[in-house]
Structures are given as C-alpha cells and as structure tokens.
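Here are my notes for you, as numbered points. Keep the viewer open and click along as you read.

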Amino acid sequence: MSSPKIQHDLEIKLGSEYGPEEEQAVIDVIRQGAPTSGEACIQFEQDFAAYCGSEYARVVTNGTAALFLSMIGIGIKPGDRVITTPMTWIATPAAPVTLGAEIDFVDIDPVTYNLDPGQLEAAITPNTKAIIPVHLYGQCCDMDPILEIANQHGIAVIEDACQAVGSQYKGRMAGSMGVTGCFSFHEQKNMSTLGEGGMIVTDDPNVYERIALYRSHCTRVHGRSTKYCQLDESRFPVGKTFWWQDFDDTGYNFRMTDIQAAVGIVQLKKLDELNQRRINNAAYLTEALRDVPGLTLPTVMPECKHSFHLYPVMLDAERFGMNKVDFVYAMLHERGIKLGTHYNPLHWSTAFQQRGYQRGQFPNAEKVGESLVTLPINPRQTPEALDYLVKSIHTFGQ
Ligand SMILES: Cc1ncc(COP(=O)(O)O)c(C=O)c1O
C-alpha cells in the first residue's frame, strides 16, 4: 500500500480544471478591457438559458446571491415562511432568513437524502410562501409531488440546483422546473467560473424583471433599456442629451465580471463531458465497493440523471468496523485521503438552535449527519487515484 502522501500527490497532479480554451477566453476579455456585465455575461446567460431550456437566465456573483435574489423575485418578506431541507448548505435557508422569513425544515427521504415530499403537506401553514427543494449531491428531488403540492397551495418552488448543474428529472433539466432555479459555480462545483459564480434561470418575466433590477441597484444594466430621467433640455442642446439615472428601489450589486462569464461559456460547453466522467467514476466506485460490509452506496433513482457532484456513502459502524469520525480521521492520517462530511443537519447548528430547533426533530437527516461521508469523485481523478481510494476503504472495511 502506498504512503499516506500519495492521494495528496495525485490530487496535485490533477492540475487546474481549466484548459487552454479558458486561458484564451480570459486573455480575449482582458484585451477588451475586462468589463463587468458586458457581452460575455450576456452570451453566458443566453447559452445557460438554452442549456436549461429556460426563457431567461441572469448571471450573479454566487449561488447564495442566486437564492437571495430568487427570494426577492417572489417577494419574500418578514413574517413569510419557507420550507426546505435541513440537509443542505446554510446558504439555502439563509436566503429567506436574511429577508426576515422563518424556516420550516422538513425531513429527508432516507434513500435519496433529498427533501421527502411525503412530509411536505404537514409543514405548510397559511404563511408558507416558498418551498426550496435542494438537489443534493447532484440528484434531483422527486419534483412532481413537490410541484403538485406547491400548486395546490399557491406556493412558489425555488430549486436549489447549486449541486446539480446538468442533472435531470424525467428528462427535465435541474433548475428548469420551479419558478426559478439557482446554480453555483464555486470552485468545487461541477463547472466553475474562476472560484465563484452563480446563475438564476426562470420562465417568469415578472420574476426575471425583479431579479434583474435588484441584482444591480434597481437600475437595468443590459438586455433592457436603463431607466433614466431626461434633464432639462434648455441646458443640454438636442443631440447632446444628458441623462439622469433613476432607481426603482434600493438594491444590491451581485454582478459577475466578463472574465468569469467568458470562462463560464467554455465550462458550459465542457459540462456534459465533465459530468459523464463523474458518472463513470461513480459507476467504478459502486462496482468496486459493492461488497464492503456496512457501506450503503448511492441509489440513482430511475427517473433521474445524477451528475454526482459528490458520492455519498452511509456507514453502518458496527458492520463496517469503524464509525464515521474514526473513518474520516484514519483515511486522512493513514491514507492521505480527505473525505467530505456534507453535511451536519442544519437544525443542529447554533443559527437554528437559536431559532428554536432541537436535536431529534428530523431523524433521517440526523442519521445522515452521524453516518454519511462523501468520497472524492473529481472528473480529473485518475484511475490510479480511484484505485488507491478503493483499496484504502477495503483496508478499513471488515
Ligand atoms: C446546496 C447549496 N446551496 C447553495 C450554495 C451556495 O453557493 P455559493 O457557494 O456559490 O454561494 C451551495 C454551495 O456550496 C450549495 O451546495
């Protein structure tokens, strides 16, 4: 067995996720003065909307901003309630909470780790304004029952597709099924725009209008005419008109730069191939780990195209011979392999304990918090690195 340093070395050898095409795209934009919200952003939005089969797309600084602006797009305000899963990154509930809304967590399905539609109805109140299903680890939620329940109650569905770019549910693209779909292009995501980035897609012109306005201080930056008030013409001769900018409301600056968008255009073209490599790596791991006692490997639902942002594995400590904490520690210190621990359920966090949540409320999410690890599944992972990962797990598994 190789030394603990090896996996680390293999990861370093993976090099950059960007190639000569991204480098050229960056150089081209630099030579054009590297603007913000320019041609590259418009092109990226058009390409992304077409990829998702959505009418509109608006590019933003990150997935957190995408979620936040979606909440603004549907008019979330203090006193509203929003339903989501406790098994997600804190950005999901933070978006409504920072606008004054309250969160109602609903437990997850123990097989997919996604929000359980069977428990949704019981969480709905007269003040529920939105449901945020999160397509965790790259697999879409069971969207049909979620959309049906939401429709019956007149509640907006905002998809958190930050981990699911390119995933599908019954042939529909992740992000294209709700009122909006939110994406992250953080450096660890399936495609990236130089470390940070995000996108919102929607078919609703009014929601899009609000998102576009609030993204950029409630002025309209591109794609639409900017709202201006004409100054006194007696002071400014006709033909040399000056314009005075107006603001519909106070908004934010969540704009992306053109350098990032130019990289995004290239990454989007590569996305299906990158996702396919993740799917192939997942198939390899599933085959190679099938017989390890005490491991539950991911279940791909037949109606889904899983893009394997992460490869989740549940550990039965007794049968595997080691609990999650010891396994994560041993893999790191004895094998040099960093496993993920996505996530501790959010109702365990100080942020939500302070809001009245208690341990024990969502047993399925808690089991995941106690027993789930994620394995490295980078598309640039070499067969050698995957093999080392598998052999290392076999060493610990009984
Ligand atoms: C499920 C989920 N939602 C939201 C986000 C927030 O995205 P960003 O980090 O781009 O703000 C992430 C990113 O990790 C995520 O995984």
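1. Start with strand E1, which covers residues 56–60. This is a predicted model, and in it E1 is mostly covered: 5 of its 5 residues are buried.

2. Now look at which way the E1 side chains go. Tyr56, Arg58 and Val60 point one way, while Ala57 and Val59 point the other way. That fits a general pattern: in a regular strand, side chains alternate between the two faces of the sheet. Whichever way they point, all of these E1 residues are buried, with Arg58 one of them.

3. Which strand is E1 joined to? The partner is E9, residues 198–202, and 5 bridges join the two. E1 and E9 run antiparallel. If you want a place to check this on screen, find Ala57 in E1 and look opposite, where Val201 of E9 stands.

4. Zoom out for a moment. The protein chain has 13 helices and 15 strands. Of its 398 residues, 46% are buried. Take the contacts between residues at least 6 apart in sequence: 72% of them join residues at least 24 apart.

5. Next, the helices. Pick out H3 (residues 39–52) and H8, whose axes come within 8 Å and cross at roughly 30°. An angle under 35 degrees counts as roughly parallel, so H3 is roughly parallel to H8. The crossing of these two helices is left-handed.

6. Who does the touching there? From H3 you have Ala40, Cys41, Gln43, Phe44, Asp47, Phe48 and Tyr51, and they meet Asp258, Ala261, Ala262, Gly264, Ile265 and Leu268 in H8. Sorted by type, the residues of this H3 and H8 contact come out as 9 nonpolar, 2 polar and 2 charged.

7. H8 spans residues 258–289, and H13 spans residues 383–396. The axes of H8 and H13 come within 10 Å and cross at roughly 30°. H8 and H13 are therefore roughly parallel to each other. Is this crossing left-handed or right-handed? H8 passes H13 in a right-handed crossing.

8. On the H8 side, the contact with H13 is made by Asn281, Tyr284, Leu285, Ala288 and Leu289. On the H13 side, look for Leu386, Val390 and Ile393. How many of the residues in this contact are charged? The split is 7 nonpolar, 1 polar and no charged. Compare that with the H3 and H8 contact, where 2 charged residues take part.

Key. Residues numbered from 1 in each chain as written. Predicted model: local features only at pLDDT ≥ 70, side-chain atom pairs only at ≥ 80, totals over all residues. Axes fitted to C-alpha atoms, helices over the stretch in contact; angles between N-to-C directions. Helix = DSSP H or I, 4+ residues; strand = E, 2+ residues; numbered from the N terminus. Parallel < 35°, antiparallel > 145°, perpendicular 65-115°, else oblique. Left-handed = near helix turned anticlockwise from the far one by under 90°. Contact = placed C-beta atoms within 7 Å. Nonpolar A, V, L, I, M, F, W, Y, C, P; charged D, E, K, R; others polar. Buried ≥ 20, exposed ≤ 12 C-beta atoms within 10 Å, placed from the backbone. Pairing = 2+ DSSP bridges.
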